[in-house]
Amino acid sequence: MACESALPAIMDEQALMGLNPNADACYRQRALAYFEQLKESQDGWEVCAEALAKGIYSDDHVKFFCFQVLEHQIKYRHGSLTGAQQQLIRETLMKWLQLQLMSTQSEKPFIKNKAAQVFALTFIMEYLTVWPKFFFDLLSLVGLSPHGLDIYLRTLMAIDAEVVDRDILHTPEETRRNTLIKDSMRENCIPALVESWYQILQTYQQSNSELTCQCLEVVGAYVSWIDLNLIANDRFVNLLLSHMSVEELREEACDCLFEIVNKGMDPVDKTKLVESLSQVLQSSGFFNVEQEEDVDFLAKFSRLVNGMGQALVLSWTKLSKAGDVKVAAETLRALEAKVPLMLQLLIHEDDDISANIVGFCYDYLHILKQLSLLTDQQKNNVEAVMLAVMKKLTYDDEYNFENEGEDEAMFVEYRKQLKMLLDRLAQVSPELLLESVCRVFTSTMQNWQTARFMEVEVAIRLFYMMGEALPASHGAHFTGDATKASTLQDMMRTLISSGVSEYHHTSVTLEFFETVVRYDKFFIVEPQHIPNVLVAFLDHRGLRHSSPKVRSRVAYLFSRFIKTLHKHMNAYIEDILSRIQDLLELAPPENGFPALLSNDDQLFMFETAGVLIVNGECPADRKQALMRSLLTPLMEAFRLLLAKLTQEADEERRTALADCLSHAVGFASRTSKAFSNKQTVKLCGCSEVYLDCLQTFLPALSCPVQRGTLRSAVRSFLHRMIICLEEEVLPFIPAASEHMLKDCEPKDLQEFIPLINQITAKFKSQVSPFLQQVFMPLVLAIFEVLSRPAEDNDQTAALENQMLRRSYFSFIQTIASSGMNEVMANQGAENIERVLFTIIQGAVDFPDPVAQKTCFIILSKLVELWGGKDGLVGFPDFIYKHIVPACFLAPLKPTFDLSDAQTVLTLSECTLTLKMIHLKRGLEFVQFLQQEYLPSLQVSPEITQELCQVLQQPDTKVLKNYMKAFFQRAKL
């Protein structure tokens, strides 16, 4: 060994037993401890090196363990190893490799991969210094031995992962090192490596497909950064093309050719490369894709053609920009020669093959969009893409609508890609697209009774997609361009009058309603069709469909339809409300029958009912009567369920009842979304109904069980009522607040504070007496919750406390900023002081820049309110003793990270606080800094003078920049 080992030269056999995945926990623990011991020991790893070099152990887990120990030394301790120890690592690796050549049996892949990783790490550490002949040593040792070449190729892939792979983030130091490695490799050994790859491919293309594929993968990986001429030559490309005809190699050969085509290069050279490759592929019969049955290969081939096509598009773009008209035209001709092949692949029945060519297709259409005039052939190409997209959008028989799995999800994704093509087609030739879609749609609608569901669905789907593909401001497809408007109106009439909404397949039903709502502006132009569509929404085709999925989606779509067309609904309001009445019933928890609509769906139904009532043209008393008949059943059910809940002992039943109560409140709340600035609750005569709701729901706050659910629901309702009822809600707030502050959890308080903030911001001085009354109880409730003991590692509790602290500070900020300084000023000196200290603590002690920023905003505001001559008694003293120190101590904390954007915002507020103190206290403050405070921080007289001068300048931006630099210097 290279040096005396502190550990014995034999390994702890009992610890090694713990490496087996099936070993007992105590053995596994011992193995882990042994691993740590070997890693940390100066030379304990040498026993692992010896074990590998001599092949002492046959157990795979032990071999892997030894490589892991070695890996740790190279990765983290290489610099501290002696020259002899580094030499030992090199010798160990080469001896282990020698053993592989002599062995008849290959190691398991996971060991070979780990060995390759260790080889790669050693290469990275030593290639530029002590082991420049790394590859020559490897190649001279392994020769053409398949076991040796396997390790060699895996090592090359591991080096690629460490040095080249762009998906891995590297430090600037690593990036610089990697660049040097690549430069040195290009200069010294890449030609030899390329020659070795050629020899491997030629030697093993027939006898060892696995090794050949590995080598092709290496070529594909390295081609992006080595001299392309070494690979893109007749000798090499012909070899690759010969692999395209070997079943086991063709997919990997395709990938390798794709990487060659993908390499960045001069546009003229790229065009030549693609064209020469294209000619050979074509003459070899690869363009006859209809004769190829291997879909896996065709998917790879499609990707290769996509790469070739996109490479030509890029060349054309560069040449066009450079003004090279002649060569650009040649490139466009070359590109268009690939279009028939592109179309064959796009239309292929296998979606993977089709999806792989979409990129080329999209880019080709982008070129056509830029041309001022299209040739007849180009127009034909556009039409061919259009027909291909229409065909490929169609569902197949295997699609499972009831239980959508991975295949279905992939088809949905593929449809999104096709939609991109359709959108691009609309940019190239909107008239042609609309005409084609109209033709397909009209002929399908004429025969929908006899057509298969997928044909009907795709015809309506194409019409639906026109809504996004053809430009229109806010869905105004029925104004402006007369031809477009007329065509779309014809199609809408056909959709509604054809009777296709009766088709018995969920996909067609859903597409019908989706399309009706996408083109809802049509009904403003032709309102006579509204009754037919309303009936479809309300009967067995829509809200009463046998499929829950359809009913759910239709509930949402119906809500959107009514919102858009509420002005045209006057004649149907009461009819609609009576027809949906049973869908607005609260489903009681004890009812064993599943409801037609889920609770979320019912929210849309209540909002729809609200919109109909509020926007109707009837007088206010009629609106009130309709709203009351809508909400009274909810109130009655709420009272009954609340009484049941208080008597229920079973926890599961309690949860179900509380959820049901919560839904009742949510439904009532949702109806209020129908009101607007024009149609207020008051103008509609509905105040009384909502006040009744409030009185019905508020008792739930004092319910001793299921507090979280009930409080959350009532709190949300109060938020809505503050907006809708305005000051009419105020009498209910004190009692509600009192209940919500009892037996609080952090989450309760955290959610209650925004309610108080909303009331404060909206009503200001109107609620001052209430705020004075609730201020300290709320603050004390927060203090009590924050002082509860929690486990050190309880992340959830820590996060909840952090969020509550933020909410508390935002509450103080709202009070301070709303011009009601009497709320805090009237809390008594002791309480004010207690609150002020929490703000100082928040600014300095908790490393939470969001909360700290809020605290400095509060301090600045309080200085503005109380820091002048006629401010709060004793406050100037507090400024000098606590606020000024906070402005310096907070940024000096190690946790105050000035490279973090949020922290910089905090510093900005901290600086503005100092500025506000200067504004209020003037020269007195400057003298305090010069004579007392800054000297106590050991700040030099020059810096003190400089800071005070900047502080007295009017420009706050200069001060902010200065303070940032000041604290950056102080932290050095």
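When I say two residues touch, I mean they have heavy atoms within 4.5 Å of each other. With that in place, hello everyone, and let me walk you through this structure, which is a predicted model.

Let's start with Phe478, since that is where the contact idea comes in handy. Phe478 sits in the loop between α23 and α24, the latter spanning 482–497. Setting aside residues up to four places away in sequence, Phe478 touches Ala485, Leu488, Gln489 and Met492, and also Tyr519, Lys521, Phe522 and Val525. Take Val525 from that list: it is 47 residues from Phe478 in sequence, yet the two C-alpha atoms are 7.5 Å apart in space. And is Phe478 buried or exposed? It is buried, with a relative accessible area of 8%.

There is a second loop residue I'd like to show you, Leu586. You'll find Leu586 between α29 (573–579) and α30 (599–615). Its relative accessible area is 14%, and the cut-off for buried is under 20%, so Leu586 counts as buried. Here the distant partner is Leu634, 48 residues along the chain, with 6.9 Å between the C-alpha atoms. Leu634 is also one of the residues in contact with Leu586, and Ala637, Leu641, Cys660, His663, Ala664 and Phe667 are in contact with Leu586 too, leaving aside neighbours within four places in sequence.

Now to helix packing. Two packed helices are described by the angle between their axes and the distance between the axes. My first pair is α7, residues 134–142, and α8, residues 146–163. These pack at about 160°, with the axes 9 Å apart. That angle makes α7 roughly antiparallel to α8, and the crossing of α7 and α8 is left-handed. From α7, the contact is made by Phe134, Phe135, Leu138, Leu139 and Val142; from α8, it is made by Gly148, Leu149, Tyr152, Thr155, Leu156 and Ile159. Sorted by class, the contact of α7 with α8 has nine nonpolar residues, two polar ones and no charged ones.

The second pair is α27 (residues 530–538) with α28 (residues 548–565). Their packing angle is about 150°, and their axes are 10 Å apart. That makes α27 roughly antiparallel to α28, and the crossing of α27 and α28 is left-handed. On the α27 side we have Val533, Leu534, Phe537 and Leu538, and they meet Val554, Leu557, Phe558, Phe561 and Ile562 of α28. What classes do the residues of the contact of α27 with α28 divide into? Nine are nonpolar, with no polar and no charged residues.

Keep an eye on Phe561 from that list. The largest nonpolar core has 342 residues, and Phe561 is among those with the most contacts inside it, along with Met185, Trp197, Met244, Phe301 and Phe888. Beyond its neighbours within four places in sequence, Phe561 is in contact with Val533, Leu534 and Phe537, and also with Val516, Val517, Asp520, Phe523 and Met569. As general background, nonpolar side chains tend to be buried together in soluble globular proteins.

Next, a helix that is well wrapped up. Six of the eight residues of α17 (residues 339–346) are buried, so α17 is largely enclosed by the rest of the structure. The buried ones in α17 are Val339, Leu341, Met342, Leu343, Leu345 and Leu346. And what covers the buried residues of α17? The cover includes α15 (295–322), α16 (325–337), α18 (351–355), α19 (358–370), α20 (376–392) and α21 (406–428).

Here is a charged residue for you to look at: Glu457, which lies in helix α23, residues 453–469. Glu457 is buried, with a relative accessible area of 1%. Leaving aside neighbours within four places in sequence, Glu457 is in contact with Tyr395, Arg415, Ser507, Val508 and Glu511.

Last stop: backbone angles. Lys764 has a positive phi, near 40°, in a residue other than glycine. Lys764 lies in the loop between α36 (746–763) and α37 (768–786), and at 39% relative accessibility Lys764 counts as partly exposed. Gln938 also has a positive phi, about 60°, although Gln938 is not a glycine. Gln938 belongs to the loop between α44 (923–936) and α45 (941–951). With a relative accessible area of 69%, Gln938 is exposed.

That's my tour, so thank you for listening!

How values were computed:
Residues numbered from 1 in each chain as written. Predicted model: local features only at pLDDT ≥ 70, side-chain atom pairs only at ≥ 80, totals over all residues. Heavy atoms only, no water. Axes fitted to C-alpha atoms, helices over the stretch in contact; angles between N-to-C directions. Helix = DSSP H or I, 4+ residues; strand = E, 2+ residues; numbered from the N terminus. Parallel < 35°, antiparallel > 145°, perpendicular 65-115°, else oblique. Left-handed = near helix turned anticlockwise from the far one by under 90°. Nonpolar A, V, L, I, M, F, W, Y, C, P; charged D, E, K, R; others polar. Core = buried A, V, L, I, M, F, W, Y, C linked by side-chain atoms within 4.5 Å. Buried < 20%, exposed > 50% of the residue type's maximum accessible area, 1.4 Å probe, protein only.
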